[in-house]
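Hi everyone, and thanks for coming. I'd like to walk you through a structure that may be new to you, so please have a look at it first.

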Amino acid sequence: MLAWLAYVRVYVPSGGEPVRYRTTAVGRLTLPRAQTEGFQTREEWVRFFDELDVDVHAPHVDFGRDDAVLLALGPRSTAGSFVEVERVEEQRGRVLVVAREGYAPGRPAAVSYPSVVVLVRATGKPVVVDWR
């Protein structure tokens with residue numbers, strides 16, 4: 001019974017508290033597919049960008065203060081697609097980022113690679129993304 005209570009306390013989401021966050025652009029991150037990655041250390045962050053086959057450098061992140069979450073949609077056939085962060089909340093055992101693909105009509109047809117980096121206060125908890 002005690003193990004179950006510990007599990008529920010750590011892993012079962014509860015009503016969360018809103019968390020302040022910032023977003024930053026990555027540049028033209030031409031990833032061949034959608035990708036969601038969380039980073040808690042500078043080493044993970046730099047290694048990820050070094051291993052990419054694109055000419056984009058990792059934006060500066062203060063990992064003593066923040067965790068970074070990369071949200072990339074992969075190739076889209078219009079310049080009107082973008083990543084919209086609906087909310088970020090801290091729950092018992094995690095930080096939840098809720099995001100969706102947005103679309104701005106009237107933009108020209110062109111291949112785009114919508115992406116954004118979400119910066120949230122480092123809590124030591126895993127960051128989970130829920131795409132809507």
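Let me begin with a term: a salt bridge is a side-chain nitrogen of Lys or Arg within 4 Å of a carboxyl oxygen of Asp or Glu. Asp130 and Arg132 give us an example, with their side chains meeting at 2.9 Å, N to O. Of these two partners, Asp130 is partly exposed at 27% relative accessibility, while Arg132 is exposed at 56%. Please keep in mind that what you are looking at is a predicted model.

How many salt bridges does the structure hold? There are nine. Let me show you some of the others. Glu86 and Arg100 join their side chains in a salt bridge of 3.4 Å, N to O. Glu86 belongs to strand β6, residues 81-90, and Arg100 to strand β7, residues 95-103, so this pair ties together parts that lie 14 residues apart in sequence. Both ends are partly exposed: Glu86 has a relative accessible area of 35%, and Arg100 comes in at 30%.

Strand β6 takes part in another link. Lys125 forms a salt bridge with Glu90, and their closest N and O atoms are 2.9 Å apart. Here Lys125 sits in the loop between β9 and β10, while Glu90 is in β6, so the pair connects parts that are 35 residues apart in sequence. Lys125 is partly exposed at 21% relative accessibility, and Glu90 is partly exposed at 21% as well. There is also a network of salt bridges, which links Arg22, Arg65 and Asp66.

Asp66 leads us nicely to strand β4, residues 66-72. Is this strand enclosed or open? Seven of its seven residues are buried, so β4 is largely enclosed by the rest of the structure. Asp66, Ala68, Leu70 and Ala72 point one way from the strand, Asp67, Val69 and Leu71 point the other way, and all of them are buried.

Now, which strands does β4 pair with? One partner is strand β3, residues 35-39, which runs antiparallel to β4 and is joined to it by five bridges. In that pairing, Gln35 stands opposite Ala72. Another partner is strand β9, residues 115-121, also in the antiparallel sense, over seven bridges. There, Ala68 of β4 stands opposite Leu119 of β9.

Next, please find helix α2, residues 42-51. Its buried residues are Trp45, Phe48 and Phe49. Looking down the helix axis, these buried residues fall within an arc of 90°, so they line one face of α2. What do they pack against? They pack against β3, β4 and β9, the strands we have just visited. On the other side of α2, Glu43, Asp50 and Glu51 are exposed.

Let me finish with one residue, Tyr21, in strand β2, residues 21-24. Tyr21 counts as partly exposed, at 31% relative accessibility. Leaving aside neighbours within four places in sequence, Tyr21 is in contact with Val85, Val88, Val118, Leu119 and Val120. You have already met Leu119, which stands opposite Ala68. With Val85 there is something more to point out: its backbone oxygen lies 3.4 Å from a polar atom of the Tyr21 side chain. And the C-alpha atoms of Tyr21 and Glu89 are separated by 9.5 Å, with their positions 68 residues apart along the chain.

Thanks for listening, and do ask if you would like to go back to any part.

Conventions. Residues numbered from 1 in each chain as written. Predicted model: local features only at pLDDT ≥ 70, side-chain atom pairs only at ≥ 80, totals over all residues. Heavy atoms only, no water. Helix = DSSP H or I, 4+ residues; strand = E, 2+ residues; numbered from the N terminus. Buried < 20%, exposed > 50% of the residue type's maximum accessible area, 1.4 Å probe, protein only. Contact = heavy atoms within 4.5 Å. Polar contact = N/O pair within 3.5 Å; in protein donor to acceptor, adjacent residues only side chain to side chain. Pairing = 2+ DSSP bridges. Arc of directions from axis to C-beta.
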